[in-house]
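Reader: Hi! I'm new to looking at protein models. Could you take one part of this one and walk me through it closely?

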Amino acid sequence: MKALVYHGPGKKSWEEIPDPVIHDPNDVIVRVETTTICGTDLHILKGDVPAVTDGRVLGHEAVGTIVEIGSGVSKFAVGQRVVVNCITTCGTCSYCRVGSPSHCESAGGIGWILGHLVNGTQAEYVRIPFGETSLHSIPSGLSDEEVIFMSDIIPTGYEMGVLNGKVKPGDDVVVIGAGPVGLSAMTTARFMGPRTIIAVDLDPFRLEAAMRDFGATHAVNSGQADWMDQVRSICRHDGADVVMEAVGIPPTLEAAFHLVRPTGHVANIGVHGAPVTLPIDQLWIQNITVTMGLVNGITAPTLIDLVEAGKLNVKPLATHRFALDEIIEAYDVFANAAANHALKVVLHA
């Protein structure tokens, strides 16, 4: 089969490799029909994730059809369409049983293994360990593009931003970073009935998209010198009840600490590759809650139900489409998202 293979920092290749095979009774082999590229894949290519070794197939998001199942699989059948969860979960270890499969012990202590510790989804076929608990069935009538983002970014925005941030009716919510994950947090924050959803970004295109398609009530360009004052003036209490950081660099998380009001929540969603200064001398007396973490993906079935019911529209996230064998070009577009007005690139087999 063909696959996108990592060969060290800055090096990748669309090349021929052996087809995946069943290793364990709980394995499922999926023919990939739709996949996408994540910001985490770009971090890998920069060398930020040293656990990813030369020869690894990248990717952790996919929609496809089951072509083979292990002897221990009874929940799914060959020919069934499924969404691949970016988190591999055994369903039985101590972490999985309390709803935290991101630290699945059976997967080695980390649930994110696809495209990280085992071969991933940017390929014609992929082996899914613990397939019964790491795949989601797709209701008939839903297209690939209506469910592909349930692999990762929609649950990430919802779980790490909305649920961790404890967004509630009447809250002023600030989302720093109007990229795909930030937009996912905005669109799912609407379920909680906040007073405002304030999108913050440098990119006018993304700010426009946030307002048009993802539920933002206000947009603030952080390239302006007084942008934090603008945010505070919109909030009811001269500060936000919930600030979500969806960029992953020190200045944006530090800005979140300045924008949250006493008793508020800072919900980190971004992937950080460098230390961040925590102004504990200022925050300790403010009764601030700070949360962070890796998505668990456990909300994906509910979110898929909401798509089916017409309550959640994720299709505007897809701005660029490519054939799977055009993945090198797709990476170039996604890596230069601002210049290309790109949110998510979608690759179809």
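Author: Let's look at a charged patch on the surface, starting with the protein around it. Keep in mind that this is a predicted model.

The whole protein has twelve helices and 15 strands. A compact globule of 349 residues would have a radius of gyration near 20 Å, and this protein has 20 Å, so the two agree. If you draw a box along the principal axes, the C-alpha atoms fill roughly 60 × 40 × 40 Å. Of the 349 residues, 55% are buried.

Now for the patch itself. Glu16, Asp19, Glu124, Asp325, Glu326, Glu329 and Asp332 form a negative patch on the surface. Let's pick out one of its members, Asp19. You'll find Asp19 in the loop that links strand E2 (12-16) to strand E3 (28-36). Is Asp19 buried, exposed or partly exposed? Its relative accessible area is 46%. Exposed would take over 50% and buried would be under 20%, so Asp19 lands in between and counts as partly exposed.

Next, hop over to helix H11, which covers residues 327-335. Ile328 sits in that helix. Ile328 has a relative accessibility of 32%, so it's partly exposed too. Want a sense of distance? Take Ile328 and Thr156, which are 172 residues apart along the chain. In space, their C-alpha atoms are separated by 25 Å.

So, to pull it together: the negative patch includes Asp19, and Asp19 is partly exposed in its loop.

How values were computed
Residues numbered from 1 in each chain as written. Predicted model: local features only at pLDDT ≥ 70, side-chain atom pairs only at ≥ 80, totals over all residues. Heavy atoms only, no water. Patch = residues over 30% accessible without salt bridge, like charges linked within 9 Å, V, L, I, M, F, W, Y side chains within 5 Å. Areas by Shrake-Rupley, 256 points an atom, 1.4 Å probe, with all protein chains shown as cover. Salt bridge = Lys/Arg side-chain N within 4 Å of Asp/Glu carboxyl O. Lys, Arg positive; Asp, Glu negative; His and termini not counted. Charge placed at Lys NZ, Arg CZ, Asp CG, Glu CD. Helix = DSSP H or I, 4+ residues; strand = E, 2+ residues; numbered from the N terminus. Buried < 20%, exposed > 50% of the residue type's maximum accessible area, 1.4 Å probe, protein only. Rg over C-alpha atoms; globule rule 2.2 N^0.38 Å.
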